[in-house]
Structures are given as C-alpha cells and as structure tokens.
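Biologist: I should like to learn how to read a model of this kind. May we begin with confidence and then turn to the strands and loops?

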Amino acid sequence: MIARASLAGLFAAALGLSGCGSPQSSGAPPSGPTQTSSAQAQTIQAETPRPASPPAKPTPALREHFEIVRQLPHDTAAFTQGLFFHDGILFESTGRYGESQVRKLDPATGDVLAIADLPNSVFGEGSALWGNKMIVLTWRSGAGFEIDPDTLETVGGFTYPGEGWGLTASADHLIQSNGSDQLLFLEPDTYKITRRVRVTLGGKPLRNLNELEWIEGEVWANVWQADQIVRIDPQSGHVLGVIDFTGLFPLAERAEPLDDVLNGIAYDAATGRIFVTGKHWPNLFEVRIVSP
Ligand SMILES: [Ca+2]
C-alpha cells in the first residue's frame with residue numbers, strides 16, 4: 001500500500017483543512033508508483049521534501065468545489081487517460097494493454113462517434129491536439145502517436161524518454177506529465193523537452209501528476225488516485241487551487257476502486273465548458289467550478 005498519512009497531512013495543512021483523508025500509516029512517500037499497483041489514496045498528497053529540495057515556501061492554495069451542469073453517459077469500458085475538446089467534439093484516449101483506443105465523443109449526448117484501436121503492445125495515456133494532429137502518449141513504451149483527428153488514422157509517430165502520463169497543449173508547447181512532480185514542456189514539432197517545472201503544493205512536491213488540461217493560462221491536473229484536480233501556475237509550478245471532486249462518483253460505487261479513479265479534463269475554450277470523467281466511469285460530467 002502506498003503510505004499516505006504524511007502526505008495527506010501536508011495536503012490538509014497546505015489548505016488549512018482538517019480531517020482530510022484517512023491516513024493509514026506514517027510511512028515513507030510512494031516510491032516508483034505504477035498505474036497498476038494496488039496503492040490506494042483518495043486525497044491529494046504532497047510528498048515529504050527531499051533533502052536537496054529548495055526551502056519550502058508555502059503557497060496558499062484555494063480550496064474549490066464543483067457543481068454539475070450536465071451529466072452524460074460514458075462507456076465503462078473506457079479506461080480514460082486523455083480527454084480534450086476540439087472543433088465541437090470530445091476526444092478521448094484510453095489505456096490498458098490490448099484495450100487502448102482513441103475515441104471521438106458527442107459532447108451533447110456522450111455518444112461514441114468513432115473508435116480506433118492502438119496497438120496491443122502499448123498502454124495508451126494522455127492526448128492533446130497540436131496543429132492538425134491528435135498526439136497520444138503511451139505509458140512505458142516510449143512511443144508517441146500522431147493521429148488524424150478526422151479519421152482517427154495513425155499518420156505518424158515519435159519516441160520520447162521516460163514514462164508518458166498526461167498531455168496537453170498551450171499556445172506554444174506540449175506539456176507532459178510522467179507520474180512525478182514535474183511538468184515537461186515540449187517543443188511541439190520536435191518533441192524535445194525545453195523546460196521542466198516542479199509542481200509544489202504548499203511548498204512541497206506534488207507527485208503523481210496525471211491527465212492535464214491547459215485552461216486560460218493554467219495547467220489543470222488530475223493527481224493519480226486523488227479525487228481532486230489541481231490548478232497549476234505553469235511558470236512557478238505552484239498549485240493555485242485544489243478543486244475537490246469528492247462525491248462526483250462515490251468510491252463505493254466504483255467496480256475497481258483502486259483503478260477507477262478521477263481522470264480526464266477537457267476544456268471548450270469557445271464556451272468555457274469544462275468536462276471531467278474517470279477511468280471506467282459510467283458518466284462524463286460538464287461541471288462548473290465554485291470558488292470560495
Ligand atoms: Ca485533457
């Protein structure tokens with residue numbers, strides 16, 4: 001089990017919360033987490049700072065909540081790893097070996113409009129649009145896919161170092177997560193890493209950054225196995241806000257509570273709509289964020 005006591009405590013302290021999470025031990029922070037381990041954590045965790053970390057400078061993070069605007073059906077076979085909005089359509093990438101796909105969804109009905117399989121040898125991860133291509137990462141194979149968003153045909157590919165988790169696009173970069181506390185900024189045409197930023201919550205590293213979304217100059221990130229989404233300043237890496245989605249799809253109703261976690265954020269810049277879902281979740285939600 002991932003020990004989460006010390007981390008949950010830090011998260012609570014950073015937000016001025018009490019009773020946030022239910023610590024199970026006081027052990028070390030997670031080491032080498034994988035997306036298929038049996039670790040359990042439902043509260044955002046900032047790990048104990050490493051000795052080489054710069055001095056902690058706590059950054060106040062808003063605690064925010066949500067309202068459901070609309071609830072749409074979502075295919076429970078979809079192990080959602082990437083979600084974004086483009087040209088009136090929701091695009092989704094899904095994971096697990098032998099099950100990984102890219103999909104187009106109708107944002108009005110949730111209907112699956114098109115599906116294409118990724119090779120059985122890869123575990124699909126985050127995705128984003130760059131130019132006229134849907135870019136899809138994979139977990140541990142170092143293989144990226146370039147996909148035609150109209151036909152969902154693979155039209156190109158690339159390789160990259162390390163693990164692929166989340167992906168999104170700003171005006172001038174692709175932004176990748178890899179399960180650590182870092183966001184990687186990639187030059188979109190070469191996929192070369194041009195910058196890294198360490199993400200901190202209350203001055204402490206926040207690991208397990210997962211699915212990403214660029215929203216109005218911020219990077220919003222799922223945190224693996226947490227029911228919260230964080231809003232990150234892409235320059236400083238500071239978490240500006242923590243949006244608590246506890247209860248959106250109650251843990252007790254999830255078939256595989258350890259795996260079926262909140263993951264997937266899409267932003268429709270034209271209308272300001274925000275969509276969220278999770279791995280194997282039966283619903284996709286349009287939500288409105290409520291700040292204090
Ligand atoms: Ca996204």
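Modeller: Since this is a predicted model, confidence comes before geometry. The protein averages a pLDDT of 86, and 80% of the residues score at least 70. Over residues 1-11, however, the pLDDT is below 50; that stretch has 43 contacts in the model beyond near neighbours in sequence. Residues 16-41 likewise stay under 50 in pLDDT, and for them the model has 50 contacts beyond four places in sequence.

Biologist: How many helices and strands does the protein contain, and what percentage of its residues count as buried?

Modeller: The protein has one helix and 22 strands. Of its 292 residues, 45% count as buried. As for contacts with a separation of 6 or more, 54% are between residues 24 or more positions apart.

Biologist: In what order do the strands of the open sheet that includes β11 follow one another?

Modeller: A sheet is read by strand order, by the sense of pairing and by its edges. Here four strands form an open sheet in the order β10-β11-β12-β13, with antiparallel pairing. β10 (167-169) and β13 (193-198) are the edge strands, each pairing on one side only. On average, neighbouring strands of this sheet are turned by 25° against each other, direction ignored.

Biologist: Which residues of β12 stand opposite leucine 174 and glutamine 176?

Modeller: One general idea helps with such registers: in a regular strand, side chains alternate between the two faces of the sheet. In this structure, β11 (residues 174-177) and β12 (residues 182-186) pair in the antiparallel sense over four bridges. Leucine 174 stands opposite leucine 186 in β12, and glutamine 176 stands opposite leucine 184. On the β13 side, five bridges join β12 to β13 in an antiparallel arrangement, and there the bridge partner of leucine 184 is arginine 196. Leucine 184 thus has one partner in β11, glutamine 176, and one in β13, arginine 196.

Biologist: What are the turns between these strands like, and which residues in them have a positive phi?

Modeller: The background is that most residues other than glycine have a negative phi. β11 and β12 form a hairpin with four residues between them, and glycine 179 in that turn has a positive phi of about 95°. β12 and β13 form a hairpin with six residues between them; in this turn tyrosine 191 has a positive phi of about 65°.

Biologist: Where does arginine 96 lie, and is it buried, partly exposed or exposed?

Modeller: Arginine 96 lies in the loop between β3 (89-94) and β4 (101-105). Its phi is near 80°, a positive value in a residue other than glycine. Arginine 96 counts as partly exposed because 19 other C-beta atoms lie within 10 Å, whereas a buried residue needs 20 or more.

Biologist: Why does glutamate 216 count as exposed?

Modeller: Glutamate 216 counts as exposed because it has 9 C-beta neighbours inside 10 Å, and the limit for that class is 12 or fewer. This residue is found in the loop between β16 (209-215) and β17 (218-223), and its phi is near 50°, again a positive value in a residue other than glycine.

Biologist: How far apart are glycine 88 and alanine 270 in sequence and in space?

Modeller: Glycine 88 and alanine 270 are 182 residues apart in sequence, yet 9.3 Å apart in space, C-alpha to C-alpha. Glycine 88 lies in the loop between β2 (80-86) and β3. With 10 other C-beta atoms within 10 Å, glycine 88 is exposed.

Terms used. Residues are numbered from 1 along each chain as its sequence is written. Two strands pair if DSSP finds at least two bridges between them. Helices (H or I, at least four residues) and strands (E, at least two) are DSSP runs, numbered from the N terminus. Axes are lines fitted to C-alpha atoms, for helices over the stretch in contact, and angles run from 0 to 180 degrees between N-to-C directions. Two residues are in contact if their C-beta atoms, placed from the backbone, lie within 7 Å. pLDDT is the predictor's confidence in each residue, from 0 to 100.
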